[in-house]
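Subject: Structure for your review

Dear colleague,

Please find the structure below, handed over for your examination. My notes on what was found in it follow.

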Amino acid sequence: MALLEVNGLRIHFHTRNGVVKAVDDVSFSVDCGQTLAIVGESGSGKSVICYSLLDLLPKPPAVIEGGSALFDNEDLLTCSADRMRQFRGNHIAMIFQDPMTSLNPFLSIGEQLIEPLIYHPHKSLRLGRNDARAEAIDLLREVGIVNPESRFNSYPHEFSGGMRQRAMIAMALISKPRLLICDEPTTALDVTIQAQILRLIKNLQKTRDVAVIFISHDLGVVAGIADHVLVMCDGKVQEQNNTDAIFYQSQSDYTKQLLSAIPQGAKTTANRSQPGAPLVEVSNLKTHFRDLSIAANKSSSQEHMIKAVDDVSLSIQKGEILGLVGESGSGKSTLGRSILQLVPPIAGNISFEGAELTALSSNQLTPYRRKLQMIFQDPYASLNPRMTVYETLAEPLLYHGLANRKTVSQQVQLLMDDVGLARSSMRKYPHEFSGGQRQRIAIGRAIATEPEFIIADEPVSALDVTIQAQILALIVDLVERHNLTMLFISHDLSVVRYICDRVVVMQHGKLVEQGNTEQLWAEPQQEYTRQLLAAIPAADPVQERQRWGRH
Amino acid sequence: MIRFAINRLLQAIPVLLVVISVTFLLVHSAPGGPFSADKAVPPEVARALEAQYQLDQPLWQQYISYLGDVITGDFGPSFKYPGRTVNELIAAGFPVTAELALYAMLVALVIGIGAGVVAAMRPNTMQDYIPMSAAMLGICMPSFLLGPILVLIFGIHLEWVPISGWGDIPGDKILPAITLGTGYAAYIARLSRGGMLEVLSQDYIRTARAKGLSESLIITKHALRGGLIPVVAFLGPAFAGLLGGSFVVETIFQIPGLGRFYVASAFNRDYTMILGMTIFFATLIILFNLLSDLLALQLNPKLRQQARGSH
Amino acid sequence: MEASSQSTEQHSSLWLDAWLKLRKNRLALFGFAALIILCAVSLLTPWIAPYGYEQQDLMLGATPPSLEHWLGTDIFGRDMLTRIMYGGRVSLMVGFIATAVALVIGILWGAIAGFVGGRVDALMMRIVDILYALPFMIFIVLLMVVFGRNILLLFVAIGAVEWLTMARIVRGQVMALRKQEFIEAAYSMGLSQWAIIRRHIIPNTLGPVIVYTTLTIPSVMLLEAFLSFLGLGIQPPQSSWGLLINYGVETMEEYPWLLIFPGVTLSLTLFALNFLGDGLRDALDPRAAKD
């Protein structure tokens with residue numbers, strides 16, 4: 001008898017624009033001690049299913065139209081509010097994607113941790129504060145937080161991202177639930193931390209015999225951790241099977257599409273870098289920021305500086321695609337912005353085509369700006385919401401004199417063709433497009449001035465994996481057709497391997513290692529590079545299991 | 001925290017200096033002096049009075065000597081009430097105004113926060129519309145309109161409460177406090193509703209629910225702290241506003257407080273009274289602002305670490 | 001400029017979206033309609049008022065509402081409807097002009113502080129914080145007493161109090177915008193500071209500015225009424241709603257309508273403007289536009 005059995009679940013959202021079938025006839029089951037992964041892109045309904053199990057959906061827009069969710073033979077969807085409160089936290093627990101926003105910033109970690117114990121719905125099972133504290137400290141130690149006694153009184157903002165997620169896991173497990181639902185728990189974490197958290201969840205599952213539902217958009221992440229996989233798209237189940245079957249013998253087209261969209265293996269297109277003098281040369285670059293979060297006791301004269309970029313030197317050949325990888329806080333984004341003079345470096349040189357950029361005034365810099373462009377990460381924030389596509393693409397053309405009032409319309413249309421946008425949507429506003437389409441507009445804007453060098457700062461990180469593949473293909477195509485040189489910044493090593501000729505690795509503002517992509521992958525010289533490579537989840541269950549076993 | 005408080009107090013000194021100087025200049029540049037309006041005073045007597053009060057000296061000299069007096073806490077004699085010093089008059093009127101302001105603030109906070117929280121619990125339903133429409137009404141009905149209407153209904157027609165005086169008849173503090181506090185109650189209701197709605201849509205509230213906590217616990221322990229931040233930020237300006245609003249309320253209800261004195265002194269060109277009361281009010285407000293900022297710091301652990309840095 | 005589009009795509013700017021949302025908010029529409037009617041009546045008052053402003057009928061004295069005098073007469077026999085209409089002209093005029101003063105100062109201050117940032121911003125906002133906390137009521141009282149009851153000065157004094165909130169709003173919006181990536185993109189495109197301000201910052205700041213302007217007008221009118229009530233604002237022979245309420249309070253026991261009608265008119269106007277402002281705020285909220 002399965003612990004959780006969901007049958008024919010249907011959930012609709014009543015929005016201003018009509019009814020959205022968020023979950024359309026979904027059925028699955030989970031047994032004790034097993035992990036079910038629910039995989040899908042944004043809008044697939046994977047999170048909605050799990051929120052409905054704990055009645056966490058906003059009820060006016062969401063309506064449960066049908067189906068049942070039997071937990072220990074009791075229907076979660078129709079039980080009373082009181083009964084639901086008894087389930088929450090005690091029998092079924094949940095951890096969320098972003099631990100920073102999912103923890104109350106005004107209460108200490110410890111206080112939030114002991115709440116399920118001291119406010120237990122069964123009064124007889126409630127613990128006193130001291131007992132609860134002791135249990136909490138034990139659990140904090142178990143999830144890998146050092147110094148749990150003193151950390152008990154810390155606030156969320158005093159923890160790092162990984163530690164916060166560990167604390168959340170502790171908070172979920174403290175009442176010894178039978179089912180743990182994890183909603184994209186590692187998506188907001190660095191790849192090395194992600195590996196640790198996945199391992200932690202797997203171990204805790206074994207020691208506590210909990211059933212786990214793991215939601216993710218990343219098939220690679222679940223390859224090592226899941227026993228069964230449920231693939232969803234647009235609210236419908238695409239395929240459902242045990243892990244090996246899904247990865248090695250997938251039946252549905254969508255699953256195959258998902259699998260093929262994951263960048264795997266080496267770069268297939270030719271290396272077009274030209275020998276000779278480098279196009280861009282960065283020497284001893286230093287960019288520092290003032291640390292604004294110093295404690296109130298430190299004296300103000302001793303200002304804490306964050307060394308975002310700490311004495312970095314690299315060079316980029318014409319025609320080359322150089323990858324810049326690092327985790328959060330490595331300084332890779334800052335390096336990119338420093339090269340473009342969007343953030344002023346405090347020391348060092350940046351030369352482009354032989355010209356020293358740091359020595360130029362902003363007026364002198366303007367002609368160079370045509371040749372150096374940037375593609376940003378967030379497709380929502382990188383477009384002016386009050387300008388149409390036409391205006392966004394026309395602006396650089398008109399400003400740099402590449403078109404006049406008569407010819408600009410024609411050129412904008414050509415640009416739109418180039419990036420794969422329908423000409424008829426020229427007068428639309430950004431909020432009317434999807435994330436992938438917006439990124440196309442941003443790319444169009446970047447190539448409008450016929451630049452020579454483009455810095456792409458995490459251009460696909462905010463996109464779904466199938467869209468990601470499309471945009472990557474577009475970028476590779478454009479680089480080839482327009483003879484571009486590119487600096488490709490990303491935290492995703494698989495993507496970088498797939499399209500970059502050479503790779504530079506950064507950590508804490510310093511350059512750790514650089515070299516030809518395949519060589520780096522085969523024989524990393526530095527320990528940090530080895531850690532990074534080891535942490536990449538592979539969409540290959542057998543390989544992943546071996547890795548877990550090796551541990 | 002203490003460092004923060006001392007910092008702010010030190011910053012307050014130049015502010016006060018500016019307040020004193022500007023007020024001094026304004027007051028002395030007004031046409032006519034305290035004694036010129038009195039037709040009953042013959043010119044020689046007026047000149048003698050002016051000499052006695054040092055009004056015939058050059059302005060900058062008066063300024064310096066006044067500053068000297070202020071530092072020692074002496075606001076000088078009142079021009080219009082001979083024989084009594086400004087300090088005495090302030091001491092007499094302040095307790096009354098303070099009590100009025102305190103009651104009004106209580107009314108504002110209790111009704112305002114209560115209504116706002118209740119409304120935020122069920123947004124866009126009757127539980128929301130009714131308190132918020134009442135709040136809108138409260139904002140749109142100025143105290144000098146509300147007061148007389150309340151007096152008309154409850155004081156004169158229904159005769160439930162007395163309509164003037166302070167402390168003479170039991171219950172005569174009710175109408176003034178309500179009149180003064182209602183506008184602020186309304187504004188605080190909107191602020192707390194907004195703040196609570198913002199907090200209730202945060203992820204950490206969802207986490208609290210997923211832990212199985214009861215709704216009342218979620219509201220009181222998790223949501224209120226963040227939701228009331230805009231209210232705490234408003235306390236300083238609210239206090240300043242209450243002091244200003246006391247002018248009108250004291251006039252309507254015949255309350256012998258500082259507010260009424262202030263307006264009268266302004267009309268009478270009673271220099272020392274005006275200056276003294278302005279400085280007094282300004283100091284009070286600065287202190288109150290400091291208190292409310294300290295309260296905000298206490299409530300928000302993140303701010304405590306960031307006592308310096310971006311504002 | 002002709003786009004060779006085969007199909008006409010329905011596109012909606014954020015302004016159009018906002019207008020559609022506003023239309024659904026009945027209270028805000030009521031506010032909008034009320035504002036239009038009020039402005040129309042005020043402009044046309046000299047022509048449509050039933051009686052002369054100064055027209056007295058001492059024999060009549062104060063009378064309750066009747067067919068000849070819809071809102072009654074005051075103790076000098078003057079028609080209340082007429083007096084309220086003329087009072088409205090003054091109150092609205094003060095409202096608009098003082099708001100304009102506050103708008104100009106506030107926007108300039110806030111935009112400069114927000115855009116330049118750094119120490120300049122810290123200094124400018126510290127000044128705003130200090131002024132916010134000061135007993136401005138007191139300064140206004142002083143100013144009015146000192147400089148006489150000059151209507152021009154009244155505008156300036158009221159505007160000088162209200163610009164603080166506008167400065168904060170504008171500065172907040174500009175700072176948030178500066179961090180947006182499309183501003184960085186504009187920089188990397190080589191646009192000059194001025195072009196960025198004109199094309200990217202200002203259009204995205206208009207929303208909150210419009211909302212708070214609409215909310216400042218009733219605030220200003222309230223302040224004027226307050227001052228007039230104390231005898232420090234509008235002086236006779238002119239009158240504003242505040243003055244009318246003042247007179248009404250004096251005789252409220254015997255002639256309650258002299259207090260009620262100006263009072264209700266003022267309150268309804270403030271009501272309408274506040275609802276309109278609230279509706280605009282909801283309609284222009286960019287967060288809601290994303291769904």
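I begin with Arg23(C), which counts as partly exposed because 13 other C-beta atoms lie within 10 Å (with C-beta atoms placed from the backbone, 20 or more within that distance would make a residue buried and 12 or fewer exposed, partly exposed being in between). Arg23(C) belongs to helix H1 (residues 14–24) of chain C; helices (H or I, at least four residues) and strands (E, at least two) are DSSP runs numbered from the N terminus. Between the C-alpha atoms of Arg23(C) and Ala49(C), 26 residues apart along the chain, the separation is 32 Å.

Please note that this is a predicted model, in which local features need pLDDT of at least 70 and side-chain atom pairs count only at pLDDT 80 or more, while totals for chains, interfaces and linings use all residues. Residues are numbered from 1 along each chain as its sequence is written, and chains are lettered from A and ligands numbered from 1 in the order in which they are written.

Also in chain C, helix H3 (residues 80–116) has 37 residues, and at 1.5 Å a residue it should span 54 Å (1.5 Å times one less than the number of residues). Its end C-alpha atoms are 53 Å apart, in agreement with that expectation. After H3(C) comes Gly117(C), with a positive phi near 70°.

Chain C also touches chain A: 26 residues of chain C are in contact with 29 residues of chain A (contact means C-beta atoms, placed from the backbone, within 7 Å). On the chain C side, the elements that give two or more residues are helix H7 (181–188), helix H8 (193–230) and helix H11 (286–289). H7(C) provides the largest share, six residues. By class, this side has 11 nonpolar, 10 polar and five charged residues (Ala, Val, Leu, Ile, Met, Phe, Trp, Tyr, Cys and Pro count as nonpolar, Asp, Glu, Lys and Arg as charged, and the others, Gly among them, as polar).

Chain A contains an open sheet of four strands in the order S2-S1-S4-S5, with antiparallel pairing (two strands pair if DSSP finds at least two bridges between them). Its edge strands, each pairing on one side only, are S2 (18–30) and S5 (74–75). Strands S1 (residues 4–15) and S4 (residues 62–71) of chain A are joined in the antiparallel sense over eight bridges, and Leu4(A) has Phe71(A) as its bridge partner in S4(A). Helix H1 (residues 46–53) of chain A lies across S1, S2 and S4, at about 70° to S2(A) (axes are lines fitted to C-alpha atoms, for helices over the stretch in contact, and angles run from 0 to 180 degrees between N-to-C directions).

Six strands of chain A form an open sheet with mixed pairing, in the order S6-S7-S8-S3-S9-S10. Here the edge strands are S6 (92–95) and S10 (236–242), and the twist averages 15° from one strand to the next. S7 (residues 179–183) and S8 (residues 211–216) of chain A pair in the parallel sense over five bridges; Asp183(A) has Ile215(A) as its bridge partner in S8(A).

In chain B, helix H8 (residues 203–210) packs against helix H9 (residues 215–227) at an angle of about 145°, and their axes are 11 Å apart. Tyr204(B), Ile205(B), Ala208(B) and Arg209(B) of H8(B) meet Ile218(B), His222(B) and Ala223(B) of H9(B).

With kind regards

Terms used. Two residues are in contact if their C-beta atoms, placed from the backbone, lie within 7 Å.
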